[in-house]
Structure formats: structure tokens, C-alpha cells
Amino acid sequence: MQTPYYLIDKSCLLRNLEKISWLREASGVKCLLALKCFATWSVFDFMAEHMDGSTSSSLYEVRLGREKFPGETHAYSVAYADHEIAQVLAYSDKIIFNSIGQLAKFNDASQGHVRGLRVNPGVSTSEFDLADPARPFSRLGEHDPAKIAAVADQISGLMFHNNCENDSFTRFDEMLTLIEDRFGAIIHQMEWISLGGGIHFTGADYPLENLALRLKEFSQKFGVQVYLEPGEAAITGAATLEVTVLDTMHNGKNLAIVDSSIEAHLLDLLIYREPAKITPNTGAHEWMICGKSCLAGDIFGEFLFDSPLKAGDRLSFQDTAGYTMVKKNWFNGVKMPSIAIRELDGTTRLVRDFDYDDFAAALS
């Protein structure tokens with residue numbers, strides 16, 4: 001298969017999904033796929049066997065969830081526009097407003113719809129200010145319990161999304177306790193609560209039994225249906241970006257140029273200044289892997305290999321599903337990676353290719 005392409009491995013995906021299924025059964029929570037993280041709908045039917053639906057961040061995502069992912073469809077957006085609210089309501093089972101102002105603005109339009117409000121508890125696990133929902137002057141959700149209580153009779157649920165790459169159950173427990181202490185009186189008036197995503201409960205050695213017990217206790221204490229919105233937890237380790245070395249150079253370091261671009265195909269890593277992942281990353285030969293775009297900093301990282309790289313060698317960048325495939329772009333006109341799926345029986349099929357017509361259609 002011609003590189004570059006993203007390869008989704010269903011056997012790796014299944015390992016995450018089985019943990020999600022176990023958590024749902026053990027705790028009573030419902031799990032919705034966060035489309036902002038992963039929206040490759042060719043595997044939605046497979047994922048839906050282990051999840052309860054999808055949640056979105058925009059009109060297009062909520063429509064995709066309704067049309068492609070069986071189960072519930074939750075709508076959320078930092079702000080809805082007048083011209084899109086009718087469609088958002090039509091495609092969703094629940095709508096979550098980011099602010100009391102938006103709830104009031106669309107009160108008449110959303111009458112009879114299941115409504116919720118995002119709450120910002122003021123704490124998070126993010127190590128990056130860019131991704132911290134509790135950063136100073138945050139626009140993500142309401143924070144004042146008194147103001148939220150004043151509109152509690154207009155909604156039936158709350159959404160707290162304040163975890164970010166949180167692989168610590170202890171930290172999750174602490175933050176949930178803070179939420180209980182600060183917003184418990186309001187939660188008692190609700191029918192459902194979403195605790196958002198960013199909880200890495202499918203990771204190795206995560207105390208899944210403790211999480212299940214904590215979530216079940218929370219649900220029973222307040223009499224609410226609890227939702228989680230796993231994104232990366234659902235797809236971590238399930239995909240690779242397959243590339244080919246086009247050329248090699250030496251300029252103080254060994255350089256290998258591949259037929260891909262971190263700017264175009266792994267943008268989140270460039271934004272957060274993190275290297276890509278290659279396994280096993282061992283050996284006596286160190287090489288800097290470089291993208292083919294004209295951006296000087298188009299560098300995937302420095303890695304170790306058992307032998308010198310040469311043109312024609314194939315490389316696999318690991319863990320490229322979450323916040324990568326949804327952010328791919330046409331920078332420099334570099335060919336968009338195709339999308340392939342490795343089935344459970346080991347066979348691989350191409351599900352989407354991109355060509356010049358797609359590039360031209362994205363412009364004007």
C-alpha cells in the first residue's frame with residue numbers, strides 16, 4: 001500500500017473497548033465517544049458494540065455522530081450560532097450549553113429538548129496551559145454555584161470536563177470529591193451528569209476496579225446517570241502512521257526525510273512540542289526523522305535504529321489516532337495520508353484515499 005497512510009488496528013482498538021465494556025457493566029456509567037479526538041467513522045459500528053453513543057463539539061460533529069454512530073448523540077459547543085441551533089437540536093438527544101447566556105438565548109428554541117450546562121470546577125489535570133479548561137479567565141463553562149443553582153430548573157444535567165491525560169485515579173478521586181463538595185446541592189437536582197473525557201482508564205495498570213466503585217458510589221449518592229466521554233482512552237495505541245524514507249543527508253546529524261509531515265499529519269505533536277513515537281527505538285544508529293514540507297521545524301524527532309536508514313525504508317509512527325487524524329491538513333500540498341484498517345483476522349483494507357481533487361476542493 002502506498003504511503004503515507006494511517007493504519008487502524010482493530011485488535012489494538014478492541015483491547016481498549018473491552019475495558020470500556022467492563023467499566024460500563026461494573027459501574028453503570030454510559031460511555032460516549034468524543035468525536036473531537038477521533039472521528040474515523042469506518043470503525044464506528046465496531047466501536048458502538050462497546051459504547052453508548054457519541055458526543056460532539058460542533059454542528060458537523062453532532063451530525064456525524066447521529067448519522068454514523070449508533071446510540072445516543074450528545075451536542076456541546078462553546079457557542080452555538082443562530083443559524084445552526086435548529087440543526088443541532090434535530091441531530092441530538094441531549095444539548096449541553098456552555099454558558100447561562102446561551103441557555104437563555106436558546107431557551108425557547110430548545111424547549112422540550114433534554115438540556116444540560118457545562119460547569120467549570122476550577123481545577124484540572126492539564127500540564128499545558130493551552131489545553132487547561134481551568135486556566136485563568138477560562139470561557140469553558142460556568143463556575144459560580146449560585147448562578148448555576150438559579151437556572152437548575154431549566155436543565156436536567158451538568159457536564160464537568162476538567163480531566164486531561166489523567167492517568168492517576170487518586171487525582172481523579174480528589175477532583176470528584178471537590179466537585180461533590182462545591183456543587184453537590186445542584187447535582188442532587190439533576191438526572192444525569194457527564195464527567196467528560198481525559199481519564200486514561202484503559203492504560204496499563206490503571207486501577208479500573210477502583211474507578212468503577214467510585215463512579216457507582218457517585219451515581220447512587222446523587223441519584224444520577226453518569227456519563228464518561230472517552231476520546232484517547234478509546235483509541236490509544238490503536239493506529240500508526242506508515243511512512244517511507246525518501247532521502248538521507250548528514251549535517252552534523254544523520255537526517256532521513258520521509259513522505260509525510262508532522263505539520264500536516266501529526267499537528268498536535270508540533271503544537272505541544274512533543275516527538276513522535278517509534279518502537280522499539282533501540283540500536284546503535286541515531287537518526288533525525290524529518291518531514292518533507294518546507295517548514296524548517298518539520299521534525300518528527302530523533303530515534304535509534306539497528307542499522308543506517310536508506311531511501312525506501314518503511315517506518316511506523318505509533319499511537320497516531322487521537323487528535324491527529326482529525327487535525328490532518330493540506331499544508332504545502334503534501335499528500336493527505338490514506339486510511340486503512342487491519343481487521344481482526346489480520347487482513348488490511350484501504351477505506352479512504354485522498355488525491356489532487358480533494359486538495360483542490362478544500363480551496364477555492
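Modeller: A helix's expected span is 1.5 Å times one less than its number of residues. Helices (H or I, at least four residues) and strands (E, at least two) are DSSP runs, numbered from the N terminus. Our model is predicted: local features need pLDDT of at least 70, side-chain atom pairs count only at pLDDT 80 or more, and totals for chains, interfaces and linings use all residues. Residues are numbered from 1 along each chain as its sequence is written, and side-chain values use heavy atoms, without hydrogens and water.

Biologist: Okay, how far apart are the end C-alpha atoms of helix α8?

Modeller: Helix α8 covers residues 208-222, so that's 15 residues. At 1.5 Å a residue they should span 21 Å. The model agrees with that, as the end C-alpha atoms are separated by 21 Å.

Biologist: Within what arc do the buried residues of α8 fall?

Modeller: Buried means under 20% relative accessible area, exposed over 50% and partly exposed in between (1.4 Å probe, protein chains only). In α8 the buried ones are Leu208, Leu211, Ala212, Arg214, Leu215, Phe218, Ser219 and Phe222. Look down the axis of α8 and they line one face of the helix, because the arc (directions from the helix axis to the C-beta atoms) is 165°.

Biologist: Which residues are exposed on the other side of α8?

Modeller: Start with the buried residues of α8: they pack against α1 (10-27), α7 (169-187), β8 (192-194) and β9 (225-228). Flip to the other side of α8, and the exposed residues there are Glu209 and Gln220.

Biologist: Which residue takes a positive phi just after α8?

Modeller: Helix α8 covers residues 208-222, so look just past that stretch. The phi there is about 65°, and the residue that takes it is Gly223.

Biologist: Is Glu343 buried or exposed?

Modeller: You'll find Glu343 in the loop between β15 (338-342) and β16 (348-352). Setting aside neighbours within four places in sequence, Glu343 is in contact (heavy atoms within 4.5 Å) with Lys10 and Arg349. Its relative accessibility is 18%, so Glu343 counts as buried.

Biologist: How far is Glu343 from Asp93, C-alpha to C-alpha?

Modeller: Along the chain, Glu343 and Asp93 are 250 residues apart. In space, their C-alpha atoms are separated by 31 Å.

Biologist: What is the relative accessible area of Ser110?

Modeller: Ser110 sits in the loop between α5 (100-105) and β6 (114-119). Leaving out neighbours within four places in sequence, Ser110 touches Leu89, Phe97 and Arg115. Ser110 is buried, and its relative accessible area is 0%.
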